[in-house]
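Subject: Structure handover

Hello,

Below is the structure I said I would pass on. My notes follow it, arranged by topic.

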Amino acid sequence: MEETHNNRTSLVRGAKDIAKEAKRQAAKNFSKAVDRASDEYSAQRSYNRFQNEDEEENNYNSYTQQDGLYADNASNEEDGASSDATEGHDDEDEIYEGEYQGVPGYNDGKPRDGQVALGQPVSDSLKSRKELENERQADEEELAQQYELIMQECGHGRFQWQLFFVLGLALMSDGVEVFVVGFVLPSAETDMCVPNSGAGWLGSIVYLGMMFGAFFWGGLSDKVGRRQCLLISMSVNGFFAFLSSFVQGYSMFLFCRMVSGFGIGGAVPIVFSYFAEVLAREKRGEHLSWLCMFWMIGGIYASAMAWAIIPHYGWSFSMGSAYQFHSWRVFVVVCALPCVSAVIALTFMPESPRFYLEMGKHDEAWMVLKHIHDTNMRARGEPERVFTVNRIKIPKQLDELVEMQNESANPVLKVLFKIRAELRGIWLTFMKCFNHPVKENTMKLAAVWFTLSFGYYGLSVWFPDVIKHLQADEYASRVKIHNNERIEDFTFNFTLENQIHRNGVFVNDRFISMRFKAVTFIDSSFLNCYFEDVSSVGSLFRNCTFVDSFFYNTDIDDTKLTNSRVINSSFHHNKTGCQMTFDDDYSAYWVYFVNFLGTLAVLPGNIVSALLMDKIGRLSMLGGSMVLSGISCFFLWFGTSESMMIFMLCLYNGLSISAWNSLDVVTTELYPTDRRGTGFGFCNAMCKLAAVLGNLIFGSLVGITKAIPILLASSVLVGGGLVGLRLPDTRANVLM
């Protein structure tokens, strides 16, 4: 019995030793196969996903790697059979033996004393800059193909949807920022007593901040990363948006909104670049179009909040006469909430793996890709599936000439030098956007972005103002005119609205706890009258005379007494600041409701563009949408009523949104990864510049003529659409 037991023990030990030796030999043969495949691919530039070799020594099957750097376990996908890559797998997502080998080593053989050894590659130090750039370009092409296969293996699932909603909040913040400008402008200028010379600066300066922000943050994202730049830019926007709601002076308010716009300017170029880099080719057009819907959601959110908050003057509070917090400031705070939510959610998301690979950070990229793969596989109910990528091609890193500073230099100088170096890097990357082969595309994209934005933002300013003028004309048609009236010993304690009093005489009258709304007194006299707790909105006293009158706690001052004489009268405890009220203000409600309808009309266009983006093509949708938008502008000629203008606003918005979505997708796909953020940022900066010019030009034409705005917008949109049709089709492109 003992001999039998000992024999069995010996047999077990022998079997274990044989298994260990077989495993060691398999690993050794696997490494040889990897090296052989790498050498073969360097010579042939083949791109096979699998290659099978029969090893004569032990008849083991080895899997070579795509580009010498990409391995896949076919048996694991087909029937779940075990292999060296999956042995020891458990539920804790370990890095398995044979699965991840780290950053591929470069040439071991190094030329010595300036000599090139026979059969060894030439050292980078002996190559010209052009040769190195050509090698990097070849590496980029190989990486683009390989990365597409990797994203297909990672699949489209939970990770992409998580990032979709996080980036959607950031894009929603950009939409909110654009609408906040228009909604806050009248209230802020009235509340802060802005003279006519300063009116309109708010809209222009915010767009200018967004213009510089788009260029800066887009360029910086190509240097330090998508996620990090988006976090910083959104934080800047959120902080200064909150701060702007509390400042009292108009100049300080302008500064805060400008910096807030500078921060949000980075949202659009970074969001689309970031999301496109985690999408496979067949998903990219559709899902980038769905992402565009968040901009529309931001507009709906801003319109609804303005409609619900701003007209409620009673929501305000004041601390003495120096500090007042009106309802429009509450609206500004509420509109900053999507930005804050985006910053919080973004802290839990990883950096773009495509950016990591572009920077040569192989390990970081591999870990993010594995995280994407594992997240999607767990959501599918397949947690046992292994991420089979071993190594990923990284493009040749070209050293840039950088001035070295003394280590003992002043810390302030070091910071300034760092800023200077980053700005120089952004500028150099920007200049690459005008090099072959992307130079022509950059010029065409800039033209399309400019024309589409000029027409869209110009008409967006013109439409509401035209409606306001129509309302004002209707309001003026209902004015009550009183001539040569004489009122004595009467107490006015109610609201006077939309009236004109000419050559009136008021003797011993009392105006107590009342309001003048759009009331004008012309050539009238007030003798021994008493004014207490009076507010006047849009009211004037022109060529009037006040004799022995007393004013207490009113807002009647020199700005409302035009060419009037004040004799033996006194003013006590006058109200400071500009008085504003929205009580029963039909006009305010109506303007916000019109914007809400116009934004909601974008929804059908968004859905159509998302469903058809990959079917009819980006360029057909871009050119067709812009041409149809331009044609629809001609029908504005027949808009003579509010209802007709509102219908045309909704039609125009619904037609133009497909052009915006297509342009976002095309711009993302046309630029290579190393300058995608910079190129997109430049195009978006041109968009904001066009918005500034559109606001100024179209705003100055309101109430003067309809012909120039209609013809200008139509011709610009049609011309831009024709240029867009000349862009290259990117539907079948992989991300370079």
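Glu440 counts as exposed, at 52% relative accessibility. That value sits just on the exposed side, because exposed means over 50%. Please keep in mind throughout that this is a predicted model.

The side chain of Glu440 meets that of Lys444 in a salt bridge, with N to O at 3.0 Å. Lys444 has a relative accessible area of 16% and is buried, so this bridge joins a buried residue to an exposed one. Both residues belong to helix H15 (residues 439-477), where they are four residues apart and therefore separated by about one helical turn.

Other salt bridges

The structure holds 13 salt bridges. Another of them pairs Arg385 with Glu382, and here the closest N and O atoms are 3.4 Å apart. Arg385 is partly exposed, with a relative accessible area of 25%. Glu382 is also partly exposed, at 26%.

A further bridge is formed by the side chains of Glu277 and Arg226, at 2.7 Å from N to O. Glu277 lies in the loop between helix H8 (267-276) and helix H9 (281-309), while Arg226 is in helix H6 (residues 226-244), so the pair ties together parts that are 51 residues apart in sequence. How accessible is Glu277? Glu277 is buried, at 0% relative accessibility. Arg226 is likewise buried, at 0%. Both partners of this bridge therefore count as buried.

Glu277 and Arg226 also belong to a network of salt bridges, in which they are linked with Asp222 and Arg676.

Cysteines

How many disulfides does the whole structure hold? The search finds zero. Cys683 is in no disulfide, and the nearest cysteine sulfur, that of Cys433, is 8.1 Å away. A disulfide would need the two sulfur atoms within 2.5 Å, so this pair does not qualify. Cys683 counts as buried, with 0% relative accessibility. Cys256 is another buried cysteine, also at 0%.

Nonpolar surface patch

There is a nonpolar patch of about 720 Å² on the surface. Its members are Leu628, Ile631, Phe634, Phe635, Trp637, Phe638 and Leu711. Which helix gives the largest share of the patch? That is helix H18 (residues 618-634), with three residues. Leu628 is a patch member and has its place in helix H18. The relative accessible area of Leu628 is 47%, so Leu628 is partly exposed. Exposed would require over 50%, which is why Leu628 is not put in that class.

Surroundings of Ser658

The last item is a single serine. Ser658 is placed in helix H19 (residues 642-670). Is Ser658 buried or exposed? With 10% relative accessibility, Ser658 counts as buried. Leaving aside residues up to four places away in sequence, Ser658 touches Gly605, Ser609, Met621 and Ser625. Of these contacts, Met621 and Ser625 fall within the residue range of helix H18, 618-634.

In brief

For quick reference, these are the points I would look at on screen:

- the network of salt bridges that links Asp222, Arg226, Glu277 and Arg676;
- the bridge between Lys444 and Glu440 in helix H15;
- Cys683 and Cys433, with 8.1 Å between their sulfurs;
- the nonpolar patch of about 720 Å², which includes Leu628;
- buried Ser658 and its contacts, among them Gly605 and Ser609.

Regards

Notes:
Residues are numbered from 1 along each chain as its sequence is written. This is a predicted model: local features need pLDDT of at least 70, side-chain atom pairs count only at pLDDT 80 or more; totals for chains, interfaces and linings use all residues. Side-chain values use heavy atoms; hydrogens and water are left out. Helices (H or I, at least four residues) and strands (E, at least two) are DSSP runs, numbered from the N terminus. Buried means under 20% relative accessible area, exposed over 50%, partly exposed in between (1.4 Å probe, protein chains only). Contact means heavy atoms within 4.5 Å. Patches are made of residues with over 30% relative accessible area and no salt bridge: like charges are joined within 9 Å, nonpolar side chains (Val, Leu, Ile, Met, Phe, Trp, Tyr) within 5 Å. Accessible areas come from the Shrake-Rupley method with a 1.4 Å probe; for residues, only the protein chains shown count as cover. A salt bridge is a side-chain nitrogen of Lys or Arg within 4 Å of a carboxyl oxygen of Asp or Glu.
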